[in-house]
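Trainee: Could you pick a single part of this model and take me through it closely? I'd like to see how it sits with everything around it.

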Amino acid sequence: LSLLLASMPLFQGLPIHAHSSHGLACLPLEFNKTSSVFFWGFFIPMVFILPLVMVIRHFLLTYRVLRQVTGVKHIKDAHAIFIVFFRLMTALLIFWAPTAILIWLLEAARPAFFGGTVSH
C-alpha cells in the first residue's frame, strides 16, 4: 500500500501532483475538480481511514479474545496483544487527528506551516 501511494505521482494520467501542501505536509495537491475527487475519494481513505479502521478492528478482536480467555498464561498473552493494538490506535489518533484538524478544518485560523509541522 505504501509503495502504491508513494509511486502514484509517477504514473501519467492520475490526477495527482506531489508537492508540499499547507507548509510541510507532504500531500498531493488539489488542482482541479478531478484531483479533488481523487484526493478525497481515494487518497484520504487509503492514508487516514483504512489504517485506522484496520487497527480498530484488530483492537476490538483482541478485546473480545481477552474477555473470553481463561488461565493466567493466556490472559497475560492476550493482555500484551491488547496493549499493542491499543497503543497503535492511540498513536494513529494522536498523530493524524491534530494534523487533519490543523490542515483542513482550521486552515484560515493558523499559520500556514503549523499543520504540516505537527504531522512531521
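Mentor: Quick bit of vocabulary before we dive in: a helix here is a DSSP run of H or I with at least four residues, a strand is a run of E with at least two, and both are numbered from the N terminus. With that in hand, the protein reads α-β-β-α-α-α along its sequence, which comes to four helices and two strands. Keep in mind that this is a predicted model.

The part I'd pick is H2, covering residues 33-68. Its 36 residues reach 50 Å from the first C-alpha to the last, close to the 52 Å expected at 1.5 Å a residue. There is a kink to look for, though: H2 bends by about 55 degrees at proline 45.

Start at the N-terminal end, where asparagine 32 acts as the cap. One of its side-chain oxygens lies 3.2 Å from the backbone nitrogen of threonine 34.

Now for what H2 tucks away. The buried residues in H2 are Ser35, Phe38, Phe39, Phe43, Ile44, Val47, Phe48, Val55, Phe59 and Thr62. When you look at that spacing, remember that an α-helix has 3.6 residues a turn, so residues three or four places apart point the same way.

Several of those names come back in the largest nonpolar core, made of nine residues: Leu5, Met8, Ile16, Phe38, Phe39, Phe43, Ile44, Val47 and Phe48. H2 gives the most to this core, with six residues. From the other side, leucine 5 touches Phe42, Phe43, Met46 and Val47, leaving aside residues up to four places away in sequence.

What else packs on H2? Look at proline 15, placed in the loop between helix H1 (2-7) and strand S1 (17-21). Proline 15 counts as buried because its relative accessibility is 18% and the cut-off is under 20%. With residues up to four places away left out, proline 15 touches Phe31, Thr34, Ser35 and Phe38. Proline 15 and serine 35 are 20 residues apart in sequence, yet their C-alphas are 4.7 Å apart.

Leucine 14 is in that loop between H1 and S1 too. This one is partly exposed because its relative accessible area is 32%. Its C-alpha lies 8.3 Å from that of serine 35, with the two positions 21 residues apart in sequence numbering. Leucine 14 touches Met8 and Phe38, again not counting residues up to four places away.

Zooming out, 24% of the 120 residues count as buried. The protein exposes about 8100 Å², and carbon and sulfur atoms supply 72% of that. Among contacts between residues at least 6 apart in sequence, 47% join residues at least 24 apart.

How values were computed. Residues are numbered from 1 along each chain as its sequence is written. This is a predicted model: local features need pLDDT of at least 70, side-chain atom pairs count only at pLDDT 80 or more; totals for chains, interfaces and linings use all residues. Side-chain values use heavy atoms; hydrogens and water are left out. A nonpolar core is a set of buried Ala, Val, Leu, Ile, Met, Phe, Trp, Tyr and Cys residues joined through side-chain atoms within 4.5 Å. Buried means under 20% relative accessible area, exposed over 50%, partly exposed in between (1.4 Å probe, protein chains only). Contact means heavy atoms within 4.5 Å. The expected span of a helix is 1.5 Å times one less than its number of residues. The bend at a residue is the angle between axes fitted to the seven residues ending there and the seven starting there. A polar contact is a pair of N or O atoms within 3.5 Å; within protein, one must be able to donate a hydrogen and the other to accept it, and residues adjacent in sequence count only if both atoms are side-chain atoms. Accessible areas come from the Shrake-Rupley method with a 1.4 Å probe; for residues, only the protein chains shown count as cover.
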